Amino acid sequence: MTSKELVLRAVEFRKPERIPLCLDFQQDEQNMERTKEIAKRYESDFVFANFSDPEFVPLGEGFSEWGYKMENFGETMGEVKDFPLKDWGRFDFWKSHLPDYSARRGYENARKLREQNPDKFLVGGVGMMMETILNLRGYENTMIDYFEEEEALNRLIDCLYDCGKKMVDGFAGAGMDGIMAWEDWGLQTGPMMSYGLWEEFYAERMKDFVDYIHKKGMKYFLHSCGHIAYLMDTFVEFGIDAIQMDQQRNMGFDLLEQWSGRICFMCPVDIQHSVGMTEAELGDYAREMVRRLGTPEGGFIYKSYPQPVAIRMPESQLEKEILFMKGMESQLPVKRPE
């Protein structure tokens, strides 16, 4: 099977020959140095593409296309200190300085990647929604907005989804097979907000967005860390094809297993624990994760954590994790709890 067929079969529960591997690492100097030998030795079934407009001029040096600047701490992505929309009066100025996501030139790299990788599963990345809102407004401001600035917050959410749809159009035109968004909807031990609040602001828009992607013939992969059990049934109902979560222990396999066979899981070994695991513990956890979250028909994809430096993951430990995944077949028996 080609990589593309493997991924489609895993997502659609049609018995892939093996577990697809997604080896995707952040392209900064530290993470590239940490993973350069991994990239040489192991082949990924996925290739990621991003919107990149050569004519776009950001607000300043180091600013993202969304208009914020991350202050780095050396090993992590860092955080935004000066929120671009801390004052809602800046909204029109901020919006006027966004890229033109409908510009064909922004997807030239995606088209080249498609030509170079005809048999890979290609994914267009759309970093948007909750992560972007928090980086634009700040966490405290955002939580207050749900009750005191509903109109302004709705304008921002609509703007982000409009940008997202333009990117979906661009990636579809470039021949991508899927779309992935990064939206952390949970805290460590519970929801980020009540389900009712999430439903009021996001449910209808997300369902429309998922449908829009599917109408373009692409799959939708959603990254969301934290304790997101309160949204999993809705994600399944909306037809989200795969949930990408870097943590599992904070919810536990006993809880997550109820969605096995209903949505494809896309995970590394839990990043909050993997670095400190012995080789035996790492192998045991990897096998249990596939057995509990996957099915004999598929439904599990391995995805490396993109910032091994940030979690202080040695190359040797990362390689052990990849080797455990390569050594397992997708047709493992699934043991249900009694």
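**Figure 1. The side chain of Q247 makes a polar contact with the side chain of Q272 in this predicted model.** The distance for the Q247–Q272 pair is 3.2 Å. A second polar atom pair involves the backbone: the nitrogen of G226 lies 2.9 Å from a polar atom of the Q247 side chain. Q247 sits in the loop between β8 (242–244) and α10 (253–256). Is Q247 buried or exposed? Its relative accessible area is 8%, so Q247 is buried. Leaving aside residues up to four places away in sequence, Q247 touches Q188, C225, G226, D270 and Q272. Both polar partners, G226 and Q272, are thus listed among these neighbours.

**Figure 2. Helices α7 and α8 pack at an angle of about 10°.** Two packed helices are described by the angle between their axes and the distance between the axes. For α7 and α8, the axes are 11 Å apart. The angle is under 35 degrees, and the two helices are therefore roughly parallel to each other. Which residues of α7 make the contact? They are E150, L153, N154, I157, D158, Y161, G164, K165, V168 and D169. From α8 come F201, Y202, R205, M206, D208, F209, Y212 and I213. By class, the contact residues divide into 10 nonpolar, 2 polar and 6 charged.

**Figure 3. Helix α8 (residues 195–215) also packs against helix α9 (residues 229–238).** The angle is about 25° and the axes are 11 Å apart. That makes α8 roughly parallel to α9. The crossing of α8 past α9 is right-handed. On α8, the contact is made by Y195, W198, A203, M206, K207 and V210. On α9, it is made by Y230, L231, T234, F235, E237 and F238. How many residues of each class does this contact hold? There are 9 nonpolar, 1 polar and 2 charged residues. M206 of α8 takes part here and also in the contact with α7.

**Figure 4. Helix α5 (residues 130–137) is largely enclosed by the rest of the structure.** Why is α5 described as enclosed? Because 7 of its 8 residues are buried. The buried residues are M130, T132, I133, L134, N135, L136 and R137. What covers them includes two strands, β3 (70–71) and β4 (79–80). The cover also includes the helices α3 (91–96), α6 (139–148), α7 (150–173) and α8. G138 follows α5 and has a positive phi, near 90°.

**Figure 5. C267 is a buried residue in strand β9 (residues 264–267).** Its relative accessible area is 0%. Which residues does C267 touch, not counting residues up to four places away in sequence? The list is M245, Q248, M289, L293, F300, I301, Y302 and K303. The last four of these, F300, I301, Y302 and K303, make up strand β10 (300–303). The C-alpha atoms of C267 and A181 are separated by 15 Å, with their positions 86 residues apart along the chain.

**Figure 6. F13 and I19 share the loop between α1 (3–11) and β1 (21–22).** Most residues other than glycine have a negative phi. F13 is not a glycine, yet its phi is positive, about 60°. I19 has a relative accessible area of 3%, so I19 is buried. How far apart in space are I19 and E65? They are 34 Å apart, C-alpha to C-alpha, and 46 residues apart in sequence.

**Figure 7. R312 lies in the loop between β10 (300–303) and α12, and S316 lies in α12 (residues 315–326).** R312 is another residue other than glycine with a positive phi, here near 60°. Is R312 buried or exposed? R312 is exposed, with a relative accessible area of 58%. S316 is partly exposed, at 47%. The C-alpha atoms of S316 and I38 are separated by 9.4 Å. Along the chain, S316 and I38 are 278 residues apart.

Note on methods:
Residues numbered from 1 in each chain as written. Predicted model: local features only at pLDDT ≥ 70, side-chain atom pairs only at ≥ 80, totals over all residues. Heavy atoms only, no water. Helix = DSSP H or I, 4+ residues; strand = E, 2+ residues; numbered from the N terminus. Buried < 20%, exposed > 50% of the residue type's maximum accessible area, 1.4 Å probe, protein only. Polar contact = N/O pair within 3.5 Å; in protein donor to acceptor, adjacent residues only side chain to side chain. Contact = heavy atoms within 4.5 Å. Axes fitted to C-alpha atoms, helices over the stretch in contact; angles between N-to-C directions. Parallel < 35°, antiparallel > 145°, perpendicular 65-115°, else oblique. Left-handed = near helix turned anticlockwise from the far one by under 90°. Nonpolar A, V, L, I, M, F, W, Y, C, P; charged D, E, K, R; others polar.
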